[in-house]
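Work through the two exercises below with the coordinates open. Each task is followed by a stepwise solution.

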Amino acid sequence: MIATSFEIPQLLIQMGSNCEPFELQSGLEWTVGRHPSNPIQLGDRCASRQHAKLVRLQDHHYCYVDLNSRNGSKLRGRSIKSPVLLQNGDRIKIGDTYLIFQDIPTHRTTGNGTPDKAQVLLLQADALQGKIWQTVLQSQTIDSYWESADIDLKAYLPRRVASGSLPQLLVLDTHILGDQTYEVCAWCAQTFPQLKIIVNNSQERQILMSERQKAAQAGCLNWFPAFREPKLIDNIAGIVVQANGVMNILGGTLRQDKLFTALKSFEKLLGEVATLQPPPKPVAPSQPSPAAADQNGDLTQVTHVSRKG
């Protein structure tokens with residue numbers, strides 16, 4: 001992972017071996033593109049004159065918006081078709097250039113603690129789903145830390161034990177480790193039995209019974225599907241089930257009024273993100289083919305008649 005300052009969120013612009021930081025400090029919006037007027041200017045020929053923009057929203061959330069660029073933007077191998085919330089470590093590809101979002105630790109914590117004292121360790125592949133988890137935990141004043149998805153748990157957890165700061169709960173998205181998820185969970189359960197594990201799937205709304213059985217055999221206490229966004233309040237019953245699953249492990253009582261208020265606020269944020277979608281580019285009027293011009297006489301005359309009519 002590329003090292004970065006821990007004082008100000010920033011974007012690392014990487015092209016080949018060259019990497020330049022851009023601090024996301026002054027202002028609320030920064031455009032990206034080839035034109036010199038962009039605060040984040042790219043030299044990549046695949047970048048449009050004004051390719052995209054980054055927007056800072058409430059509560060330290062950052063959003064990337066592709067401005068209907070010719071060659072597009074990609075995140076985790078997929079084309080960005082609508083505004084996306086960013087998480088630490090996200091790598092956006094434009095041509096041969098990568099924009100790497102680096103957030104600061106205080107934006108990745110909830111509760112009143114510090115990253116090295118967090119009760120809950122979050123490992124989430126999807127930014128939106130991870131932020132909903134943060135919202136749930138923050139509503140209950142639970143100390144948590146959202147760690148980078150590329151950490152090596154088999155090296156990370158022993159260091160936490162050595163420092164006396166092993167978390168009580170790991171919430172692990174199966175899309176981070178893929179086929180290795182249950183092997184790593186079994187290792188965690190055997191090596192650190194005091195660490196409880198919940199696995200979730202950030203892409204699936206329903207979980208097969210066979211998957212739940214695999215998770216249980218690997219020592220996981222629960223297996224949760226993706227939160228149903230953007231209508232969180234309409235699906236609050238499912239969120240309450242997942243929040244209660246966390247509270248039962250940590251030994252607390254769920255405050256549903258706090259949860260409802262937090263989800264309502266986050267749902268409003270999602271509405272704000274949706275408004276950032278740029279309007280589609282107007283379709284250029286089709287030009288008559290040379291053959292059509294020959295059949296209808298001089299093209300200028302045809303245009304002239306059209307103006308009169």
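A crossing of two helices is called right-handed if the near helix is turned clockwise from the far one by less than a right angle, and left-handed if the turn is anticlockwise. The model used here is predicted.

**Exercise 1. Describe how helix α1 (residues 127-139) and helix α7 (residues 256-274) pack.**

Solution.
1. Geometry: the axes of α1 and α7 lie 8 Å apart, at an angle of about 150 degrees.
2. Direction: angles over 145 degrees count as roughly antiparallel, so α1 is roughly antiparallel to α7.
3. Handedness: α1 and α7 make a right-handed crossing.
4. Contact residues: α1 contributes L128, K131, I132, T135, V136 and S139, and α7 contributes K258, L259, A262, L263, F266 and L270.
5. Composition: eight residues of this contact are nonpolar, two are polar and two are charged.

**Exercise 2. Which strands pair with β1 (residues 10-15), and in which sense?**

Solution.
1. First partner: strand β2 (residues 18-23) pairs with β1 over six bridges, in the antiparallel sense.
2. Register with β2: M15 is placed opposite N18.
3. Connection: β1 and β2 form a hairpin in which two residues separate the strands. In the turn, G16 has a positive phi of about 65 degrees.
4. Second partner: strand β11 (residues 97-102) also pairs with β1 in the antiparallel sense, over six bridges.
5. Register with β11: Q14 is placed opposite Y98.
6. Burial: β1 is largely enclosed by the rest of the structure, because five of its six residues are buried. The cut-off for buried is under 20% relative accessible area.

Notes:
Residues are numbered from 1 along each chain as its sequence is written. This is a predicted model: local features need pLDDT of at least 70, side-chain atom pairs count only at pLDDT 80 or more; totals for chains, interfaces and linings use all residues. Side-chain values use heavy atoms; hydrogens and water are left out. Axes are lines fitted to C-alpha atoms, for helices over the stretch in contact, and angles run from 0 to 180 degrees between N-to-C directions. Helices (H or I, at least four residues) and strands (E, at least two) are DSSP runs, numbered from the N terminus. Angles under 35 degrees count as roughly parallel, over 145 as roughly antiparallel, 65 to 115 as roughly perpendicular and the rest as oblique. Contact means heavy atoms within 4.5 Å. Ala, Val, Leu, Ile, Met, Phe, Trp, Tyr, Cys and Pro count as nonpolar, Asp, Glu, Lys and Arg as charged, and the others, Gly among them, as polar. Buried means under 20% relative accessible area, exposed over 50%, partly exposed in between (1.4 Å probe, protein chains only). Two strands pair if DSSP finds at least two bridges between them.
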